[in-house]
Amino acid sequence: MTVRRTPVTILIRNARVLGGEPTDLLLRDGVIAEIGAGLTAEGAEVVDGAGLVALPGLVDLHTHLREPGREDAETVYTGSRAAALGGYTAVCAMANTSPVADTAGVVEQVYRLGQEAGLVDVQPIGAVTVGLAGERLAELGAMADSAARVRVFSDDGFCVADPRLMRRALEYVKAFDGVIAQHAEEPRLAQGAQMHEGDVSARLGLTGWPAVAEESIIARDVLLAGHVGARLHVCHVSTAGSVEIIRMAKARGVRVTAEVTPHHLLLTHEKAESYDPVYKVNPPLRTDADVEALREGLRDGTIDIVATDHAPHAAEDKECEWAYARPGMLGLETALPIVLDVLGEQSLGTPAEPAMWAVIAERMSYAPARIAGLDGHGNALTAGAPANLTLVDPTVRWSVDPTGLASLSHNTPYAGMTVPGRIVATFLRGVPTVLDGKVQK
């Protein structure tokens, strides 16, 4: 089942680009042909954009699509549906599949499954080490030269804990301007950890995961990246100390970028008091002080992007005792509403609104596309640019229903929560993948 691929001409009327004044956008032959008031185009399909905000298509640098190997939890097709409904036009698929995406053959398989689905561009992320085992480098060069043109490598779910191996990986990808995306977790400090180490873990009797387990790896890796002169990306930053280390590294000129997830911007370790495994995630939910530091880091640019870490799990892997539950949460369909809520829904309708949308565009489209090297995505909505965009109704508030989400899995931490902002339409190279909130097949 795929979207329609027949070239279409679409005229979007009266949309507000990044929250600005209403204007028309003419999409033709995969690009934005014209922008301006009162546009006309014979035979064009007209989309009413009145009251809607036009954003560049969102880009997710951290998505788990599970295929191949765990098609019971998600497939490239169902994950692509969720992404399109969330306003995304490109997602980067993590390597922890089965088999692991550590060879040219597997990354090309994922890449072609994304092309067949046709709803978003699926860019595979290659594993850093063979089998995610952290013992020897995977076929980085072969994956980079493959049809998938892999430029981001990560053992996400596992840390590249060996500093010598991490240095070698950084040196290797520097040759083709690749990037190593590190899951920062010193395994010996986090051994057996079930949640954030603090007063709540002590009270609940769950083994704690100290912030220093994350911060020590980030400190080591920014030093390695600075020494080598290579690009380092830090996955799902979760602590105030991590933000400060990254801020200092950037001030020193280290080529480091960082991401934060929507759930780490909103939820805290106190959610674990329910013992509901839906709140079990890696890295764990942290404290109020950490959440505030993450929000400030996102606002001031220390944290470059918002990435979903969309991690679907089958029911048997989540609906069980906390200790046995797999870590992870859904994120693709709720990311923009959570970020809108965090960055200031109160800005809507005020002079500050365009500035808020500009920050969202930078953190959720422009910057992740730059980091991943996705030239066709993350472009400003101007004449001649690829027609990858999404239309958002900022006035709608909706209640999250796990059974109503497109993912095969239901492990969302926002069940029953009312959130702002709804995706009305998404366009991939001018072809609608979502219209009126529904996936176009």
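**View 1. The surroundings of His236 in this predicted model.** Leaving out residues up to four places away in sequence, His236 touches His62, Asp156, His183, Glu214, Glu259, Thr261, Asn282, Pro283 and Asp309. To find His236, look in the loop between β13 (231–234) and α7 (240–251). Is His236 buried or exposed? With a relative accessibility of 2%, His236 falls under the 20% cut-off, so this residue counts as buried. One of its partners deserves a second look: the side chains of His236 and Asp156 are joined by a polar contact of 3.0 Å.

**View 2. Asp156 and its neighbours.** Here we move to the loop between β9 (152–153) and α4 (163–174), where Asp156 is found. Asp156 is buried as well, because its relative accessible area is 4%, under the 20% cut-off. Setting aside neighbours within four places in sequence, Asp156 is in contact with His62, His64, Met94, Asn96, His183, Cys235, His236 and Asp309. Which side chain lies 2.9 Å from that of Asp156 in a polar contact? That partner is the side chain of His62. Asp156 also makes the polar contact with His236 introduced in the previous view.

**View 3. Three residues with a "binding site" annotation.** An unreviewed UniProt entry places the feature "binding site" at Asp156, His183 and His236. These residues are spread over 81 residues of sequence, yet they cluster in space, with a largest C-alpha distance of 9.8 Å. Asp156, His183 and His236 are included in the lining of the largest pocket. You can also trace the contacts among them: His236 touches both Asp156 and His183, and Asp156 is in contact with His183.

**View 4. Strand β13, just before the His236 loop.** In a regular strand, side chains alternate between the two faces of the sheet. In β13, Arg231 and His233 point one way, while Leu232 and Val234 point the other way. All four of these residues are buried.

**View 5. The strands that pair with β13.** Strand β10 (residues 179–182) runs parallel to β13, and four bridges join the two. Strand β14 (residues 256–260) also pairs with β13 in the parallel sense, over three bridges. Which residue of β13 is the bridge partner of Ile180? It is Leu232, and Leu232 also stands opposite Val256 in β14. Following the chain onward, β13, α7 and β14 make a right-handed β-α-β unit. The loop that holds His236 lies between the strand and the helix of this unit, β13 and α7.

Terms used
Residues are numbered from 1 along each chain as its sequence is written. This is a predicted model: local features need pLDDT of at least 70, side-chain atom pairs count only at pLDDT 80 or more; totals for chains, interfaces and linings use all residues. Side-chain values use heavy atoms; hydrogens and water are left out. UniProt positions are given in the numbering used here, feature names are shortened, and annotations may be inferred rather than shown by experiment. On a 1 Å grid over the protein atoms alone, a cavity is a set of points where a 1.4 Å probe fits but cannot get out, and a pocket is an open set with protein on both sides within 12 Å along at least five of seven lines; lining residues have an atom within 4 Å of a point. Buried means under 20% relative accessible area, exposed over 50%, partly exposed in between (1.4 Å probe, protein chains only). Contact means heavy atoms within 4.5 Å. A polar contact is a pair of N or O atoms within 3.5 Å; within protein, one must be able to donate a hydrogen and the other to accept it, and residues adjacent in sequence count only if both atoms are side-chain atoms. Two strands pair if DSSP finds at least two bridges between them. A crossover is right-handed if, with the strands pointing away from the viewer, the path from the first strand over the helix to the second runs clockwise.
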